[in-house]
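Welcome, and please get your viewer ready. We will go from one selection to the next and look at what is there.

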Amino acid sequence: MAELAGIRTGRHCVFAMHVHLVFVTKFRHKVFTDRHLTRMEEIMRDVCRDFEAELIEFNGDNNHVHLLVNFPPKIAVTRLVNSLKGVSSRRLRQEFPDLVRHYYRANKLWSGSYFAGSAGGAPLNVVHQYIEQQNRPG
(Lines give C-alpha, C1' and ligand atoms only; values in the text may rest on other atoms or scores of the structure.)
Protein backbone atom coordinates (compact mmCIF):
# COMPACT_ATOMS: atom_id res chain seq x y z
CA MET A 1 0.00 0.00 0.00
CA ALA A 2 1.24 3.43 -0.87
CA GLU A 3 0.91 6.38 1.46
CA LEU A 4 0.41 9.97 0.29
CA ALA A 5 0.10 12.69 2.94
CA GLY A 6 -1.71 10.42 5.41
CA ILE A 7 -3.94 8.85 2.78
CA ARG A 8 -3.37 5.16 2.10
CA THR A 9 -4.40 3.18 -0.93
CA GLY A 10 -5.52 -0.38 -1.24
CA ARG A 11 -6.29 -2.40 -4.30
CA HIS A 12 -9.76 -0.89 -4.77
CA CYS A 13 -9.91 2.00 -2.33
CA VAL A 14 -8.29 5.11 -0.97
CA PHE A 15 -8.61 5.65 2.77
CA ALA A 16 -7.56 7.52 5.90
CA MET A 17 -9.13 5.69 8.84
CA HIS A 18 -8.00 6.16 12.42
CA VAL A 19 -9.45 4.83 15.64
CA HIS A 20 -8.72 5.91 19.22
CA LEU A 21 -8.86 2.83 21.47
CA VAL A 22 -8.86 2.70 25.26
CA PHE A 23 -8.48 -0.58 27.16
CA VAL A 24 -8.85 -0.76 30.95
CA THR A 25 -7.63 -3.51 33.23
CA LYS A 26 -10.07 -5.94 34.85
CA PHE A 27 -11.54 -4.34 37.99
CA ARG A 28 -9.42 -1.25 37.18
CA HIS A 29 -6.51 -2.86 39.03
CA LYS A 30 -3.35 -0.77 39.02
CA VAL A 31 -1.17 -3.26 37.19
CA PHE A 32 1.29 -1.55 34.84
CA THR A 33 4.69 0.00 35.34
CA ASP A 34 6.77 1.71 32.68
CA ARG A 35 8.50 -1.56 31.73
CA HIS A 36 5.12 -3.26 31.19
CA LEU A 37 3.89 -0.39 29.02
CA THR A 38 7.11 -0.30 26.99
CA ARG A 39 6.84 -4.00 26.17
CA MET A 40 3.09 -3.72 25.56
CA GLU A 41 3.69 -1.02 22.95
CA GLU A 42 6.07 -3.34 21.08
CA ILE A 43 3.55 -6.20 21.22
CA MET A 44 0.70 -3.99 20.01
CA ARG A 45 2.83 -2.62 17.16
CA ASP A 46 3.46 -6.20 16.01
CA VAL A 47 -0.24 -7.06 16.18
CA CYS A 48 -1.14 -3.95 14.18
CA ARG A 49 1.46 -4.84 11.56
CA ASP A 50 -0.13 -8.28 11.19
CA PHE A 51 -3.42 -6.52 10.36
CA GLU A 52 -1.73 -4.13 7.89
CA ALA A 53 -2.51 -1.39 10.39
CA GLU A 54 -0.14 1.10 12.02
CA LEU A 55 0.07 2.03 15.68
CA ILE A 56 0.49 5.80 15.41
CA GLU A 57 0.57 6.60 19.13
CA PHE A 58 0.57 4.61 22.37
CA ASN A 59 0.57 5.60 26.03
CA GLY A 60 -1.01 4.54 29.25
CA ASP A 61 -1.23 4.65 33.01
CA ASN A 62 -1.17 1.95 35.66
CA ASN A 63 -4.72 0.74 34.84
CA HIS A 64 -5.43 1.67 31.21
CA VAL A 65 -3.85 2.29 27.79
CA HIS A 66 -4.63 4.57 24.85
CA LEU A 67 -3.87 3.67 21.24
CA LEU A 68 -4.25 5.62 18.00
CA VAL A 69 -4.37 3.17 15.10
CA ASN A 70 -4.46 3.79 11.35
CA PHE A 71 -6.20 0.78 9.82
CA PRO A 72 -7.51 -0.36 6.42
CA PRO A 73 -11.28 -0.59 5.80
CA LYS A 74 -11.10 -4.35 5.27
CA ILE A 75 -10.37 -4.78 9.00
CA ALA A 76 -13.23 -4.85 11.51
CA VAL A 77 -12.35 -2.83 14.60
CA THR A 78 -13.68 -5.63 16.82
CA ARG A 79 -11.27 -8.16 15.28
CA LEU A 80 -8.36 -5.78 15.76
CA VAL A 81 -9.36 -5.08 19.38
CA ASN A 82 -9.79 -8.77 20.22
CA SER A 83 -6.37 -9.54 18.84
CA LEU A 84 -4.68 -6.58 20.55
CA LYS A 85 -6.17 -7.47 23.92
CA GLY A 86 -5.71 -11.23 23.60
CA VAL A 87 -2.12 -11.23 22.36
CA SER A 88 -0.98 -8.54 24.79
CA SER A 89 -2.58 -10.34 27.75
CA ARG A 90 -1.03 -13.69 26.85
CA ARG A 91 2.46 -12.38 26.10
CA LEU A 92 2.62 -10.07 29.12
CA ARG A 93 1.61 -12.94 31.39
CA GLN A 94 4.36 -15.11 29.90
CA GLU A 95 7.06 -12.44 30.07
CA PHE A 96 6.15 -10.84 33.42
CA PRO A 97 5.27 -13.45 36.05
CA ASP A 98 4.70 -10.59 38.54
CA LEU A 99 1.47 -9.75 36.67
CA VAL A 100 -0.08 -13.10 37.59
CA ARG A 101 -1.02 -11.84 41.06
CA HIS A 102 -3.41 -9.36 39.41
CA TYR A 103 -5.29 -12.21 37.71
CA TYR A 104 -6.40 -13.90 40.90
CA ARG A 105 -10.10 -12.98 40.65
CA ALA A 106 -10.87 -13.34 36.96
CA ASN A 107 -7.80 -14.79 35.26
CA LYS A 108 -7.99 -11.87 32.77
CA LEU A 109 -5.86 -8.79 32.30
CA TRP A 110 -8.35 -6.63 30.41
CA SER A 111 -11.92 -5.65 31.13
CA GLY A 112 -14.33 -7.13 28.58
CA SER A 113 -15.29 -3.66 27.38
CA TYR A 114 -13.32 -1.00 25.52
CA PHE A 115 -13.68 2.48 24.03
CA ALA A 116 -13.35 3.01 20.28
CA GLY A 117 -13.77 6.44 18.73
CA SER A 118 -13.20 7.55 15.17
CA ALA A 119 -10.42 10.10 14.93
CA GLY A 120 -8.96 12.43 12.32
CA GLY A 121 -10.53 13.96 9.29
CA ALA A 122 -12.92 16.87 9.25
CA PRO A 123 -15.34 17.45 12.13
CA LEU A 124 -18.72 15.78 11.68
CA ASN A 125 -20.60 19.05 11.16
CA VAL A 126 -18.21 20.02 8.31
CA VAL A 127 -18.72 16.66 6.56
CA HIS A 128 -22.49 16.99 7.03
CA GLN A 129 -22.47 20.48 5.51
CA TYR A 130 -20.25 19.38 2.59
CA ILE A 131 -22.57 16.51 1.69
CA GLU A 132 -25.66 18.68 2.12
CA GLN A 133 -24.27 21.27 -0.33
CA GLN A 134 -23.54 18.84 -3.19
CA ASN A 135 -25.24 19.75 -6.45
CA ARG A 136 -27.88 17.09 -7.05
CA PRO A 137 -28.89 16.79 -10.70
CA GLY A 138 -32.48 17.91 -11.46
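A word we will need on the way: a residue is buried under 20% relative accessible area, exposed over 50% and partly exposed in between, using a 1.4 Å probe and protein chains only. The model is predicted, so local features need pLDDT of at least 70 and side-chain atom pairs count only at pLDDT 80 or more, while totals for chains, interfaces and linings use all residues. Residues are numbered from 1 along each chain as its sequence is written, and side-chain values use heavy atoms, with hydrogens and water left out.

**Stop 1: the sheet**

Switch to a cartoon view. Helices (H or I, at least four residues) and strands (E, at least two) are DSSP runs, numbered from the N terminus. Four strands make an open, antiparallel sheet in the order β5-β6-β4-β7. Two strands count as paired if DSSP finds at least two bridges between them. Select 54-60 for β5 and 115-119 for β7: these are the edge strands, each with a single partner, so one side of each has no neighbour in the sheet. On average, neighbouring strands here are turned by 20° against each other, direction ignored.

Now add residues 64-70, which are β6; six bridges join this strand to β5, and the two run antiparallel. For a landmark, show Leu-55, which stands opposite Val-69 in β6.

**Stop 2: two helices on the sheet**

Select residues 34-50, helix α1, which lies across β4 (18-24), β5 and β6 and runs at about 160° to β5. Then colour residues 77-95: this is helix α2, which packs on the sheet and touches β4, β6 and β7, its direction making about 40° with that of β4. Such angles run from 0 to 180 degrees between N-to-C directions, with axes fitted to C-alpha atoms, for helices over the stretch in contact. Contact means heavy atoms within 4.5 Å.

**Stop 3: Val-19**

Is Val-19 buried or exposed? Val-19 is buried, at a relative accessible area of 5%, and it is found in strand β4. Leaving aside residues up to four places away in sequence, Val-19 touches Leu-67, Leu-68, Val-69, Phe-71, Ala-116 and Gly-117. Try a distance label too: the C-alpha atoms of Val-19 and Ala-119 are separated by 5.4 Å, although the two residues are 100 apart along the chain.

**Stop 4: salt bridges**

A salt bridge here is a side-chain nitrogen of Lys or Arg within 4 Å of a carboxyl oxygen of Asp or Glu. The whole structure has six of them. Show Arg-39, Glu-42 and Glu-95 as sticks, since these are linked in a network of salt bridges. Arg-39 reaches Glu-42 with the closest N and O atoms 3.1 Å apart; both lie in helix α1, three residues apart, about one turn of the helix. Glu-42 is partly exposed, with a relative accessible area of 39%. Between Arg-39 and Glu-95 the closest N and O atoms are 2.6 Å apart. Arg-39 is in helix α1 and Glu-95 in helix α2, so this pair ties together parts 56 residues apart in sequence.

Next, pick Glu-52 and Lys-74, whose side chains meet in a salt bridge (3.2 Å, N to O). Glu-52 sits in the loop between α1 and β5, and Lys-74 in the loop between β6 and α2, 22 residues apart. Lys-74 is exposed at 58% relative accessible area.
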